[in-house]
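Work through the following exercises with the sequence and the structure side by side. Each task is followed by a solution that goes step by step.

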Amino acid sequence: MKSSPEPGRRAVLLDANVLSRLARVHQTDVLPEVFPGGCYLAPAIYHEVEAGLEAGVAYLEAVIALVGRGRLRILSIEEEDRDYIASLPRKLGLGEAEGITLCRRLDMVFVTHDREAANFCDRAGVRCLHFRMLVDALQKRGLLTPEQARQALE
Amino acid sequence: MNATAFRQEIHQMLDELPAEVLPELVDFIEFLRFRTGRETPGRRVQEAIRSYIAGEISLGRAAELAGVNYFLFEELLRKQGISVMEPEVTDKAEQAAQREIADEVLA
């Protein structure tokens, strides 16, 4: 697993649902293009991607390839993060908890299509970009067709 | 090996398993039956879906409770025609905040 230098304020951390929805329409490669501050993953989310691929979710290969090319980087959990993760409500999964924790410490933006995760970001003062906003932006830039946008959101 | 001999061998293997691993094995078999389309999702999965739809937990937590990989759980919801609980933007201030974040991070 790769660690990486400190991401900046324009960097984003992607929730698992963002990966799967763009991978299903074969458009994960647009992510590094539209996020110049860099795209990052929480370790638990990456583990889930690997496990999903092993379990037969073939579209996740594109995500693994993006990591292999260094266009999507995996962050490390520090000791201070563990305490915060342990304090988070049990309504969040480990991937979401790690992602929000890393965004809070590193002042990154969490991109998600999950209501509970987005609501918690609001309460915790973590900047969160809704996946629907990202899809709209990709469509405006001609990086997603209307049909791909519809499929990604359904 | 014929079917009867195969079954006997499986029974023998099961007899040798420690009792504490049996609940986990039952969950796994339940999951395999669901994955191969032989059965509707088990109780654990149904409870996770119910909590997710009720807005009590996130998708990641629901997958954990179901004991299913996140992406397989997403597929299951899709196959069952269950709509994703996406973030809500309820007022203009939230819309403006979303646009501001998008402008900041997007190229």
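Helices and strands are here DSSP runs, helices of at least four residues and strands of at least two, and they are numbered from the N terminus. The model is a predicted one.

**Exercise 1. Describe the make-up of chain B and the confidence of its prediction.**

Begin with the elements: chain B holds 6 helices and 0 strands, and its pattern along the sequence reads α-α-α-α-α-α. Turn next to burial, where 22% of the 107 residues of chain B count as buried. Then take the contacts in chain B between residues at least 6 apart in sequence, of which 21% join residues at least 24 apart. Finally, consider confidence: the pLDDT of chain B averages 87, and 88% of the residues score at least 70. Among the elements of this chain, H2(B) has the lowest mean pLDDT, 70, while H4(B) has the highest, 96. For the complex, the predictor gives an ipTM of 0.94 and a pTM of 0.84.

**Exercise 2. Decide whether B:Glu24 is buried or exposed, and place it in chain B.**

The residue belongs to helix H2 of chain B, which spans residues 22–35. A residue counts as exposed if 12 or fewer other C-beta atoms lie within 10 Å of its own. Because B:Glu24 has 10 C-beta neighbours inside 10 Å, it counts as exposed. As a further step, compare its position with that of B:Arg78, which is 54 residues apart from it along the chain: the two C-alpha atoms are separated by 26 Å.

**Exercise 3. Work out how helices H4 and H5 of chain B are arranged relative to each other.**

Two packed helices are described by the angle between their axes and by the distance between those axes. For helix H4 (residues 59–66) and helix H5 (residues 70–79) of chain B, the axes come within 9 Å and cross at roughly 100 degrees. Angles of 65 to 115 degrees count as roughly perpendicular, and H4(B) and H5(B) are therefore roughly perpendicular to each other. On the side of H4(B), the contact is made by B:Leu59, B:Gly60, B:Ala62, B:Ala63 and B:Ala66, and on the side of H5(B) by B:Tyr70, B:Phe73 and B:Glu74. Sorted by class, this contact of H4(B) with H5(B) has 6 nonpolar, 1 polar and 1 charged residues.

**Exercise 4. Trace the sheet of chain A from strand to strand.**

The sheet is open, has 5 strands in the order S3-S2-S1-S4-S5, and its pairing is parallel. Its edge strands are S3 (72–74) and S5 (128–130) of chain A, each of which pairs on one side only. From one strand to the next, the twist averages 35 degrees.

Now follow some of the pairs. Strand S2 (residues 39–41) of chain A and S3(A) pair in the parallel sense over 3 bridges, and A:Tyr40 has A:Arg73 in S3(A) as its bridge partner. S1(A) and S4(A) likewise pair in the parallel sense over 3 bridges, with A:Leu13 standing opposite A:Phe110 in S4(A). S4(A) and S5(A) pair in the parallel sense over 3 bridges, and the bridge partner of A:Val111 in S5(A) is A:Leu129.

Look lastly at the side chains of S4(A): A:Val109 and A:Val111 point one way, A:Phe110 and A:Thr112 point the other way, and all are buried.

**Exercise 5. Determine how chain B meets chain A.**

Start with the contact as a whole, which takes 26 residues from chain B and 36 residues from chain A. On the side of chain B that touches chain A, the elements giving two or more residues are H4, H5 and H6 of chain B. The residues of this side divide into 14 nonpolar, 5 polar and 7 charged. Helix H6 (residues 92–105) of chain B lies across S1 (12–14), S4 and S5 of chain A, and runs at about 100 degrees to S5(A).

**Exercise 6. Explain why helix H1 of chain A counts as largely enclosed.**

Helix H1 of chain A covers residues 16–24, and 9 of its 9 residues are buried, so the helix is largely enclosed by the rest of the structure. Among these buried residues are A:Asn17, A:Ser20, A:Arg21 and A:Arg24. To finish, go just past the helix: H1(A) is followed by A:His26, which has a positive phi, near 60 degrees.

Note on methods:
Residues are numbered from 1 along each chain as its sequence is written. Chains are lettered from A and ligands numbered from 1 in the order in which they are written. This is a predicted model: local features need pLDDT of at least 70, side-chain atom pairs count only at pLDDT 80 or more; totals for chains, interfaces and linings use all residues. A residue is buried if 20 or more other C-beta atoms lie within 10 Å of its own, exposed if 12 or fewer, and partly exposed in between; C-beta atoms are placed from the backbone. Two residues are in contact if their C-beta atoms, placed from the backbone, lie within 7 Å. Axes are lines fitted to C-alpha atoms, for helices over the stretch in contact, and angles run from 0 to 180 degrees between N-to-C directions. Angles under 35 degrees count as roughly parallel, over 145 as roughly antiparallel, 65 to 115 as roughly perpendicular and the rest as oblique. Ala, Val, Leu, Ile, Met, Phe, Trp, Tyr, Cys and Pro count as nonpolar, Asp, Glu, Lys and Arg as charged, and the others, Gly among them, as polar. pLDDT is the predictor's confidence in each residue, from 0 to 100. Two strands pair if DSSP finds at least two bridges between them.
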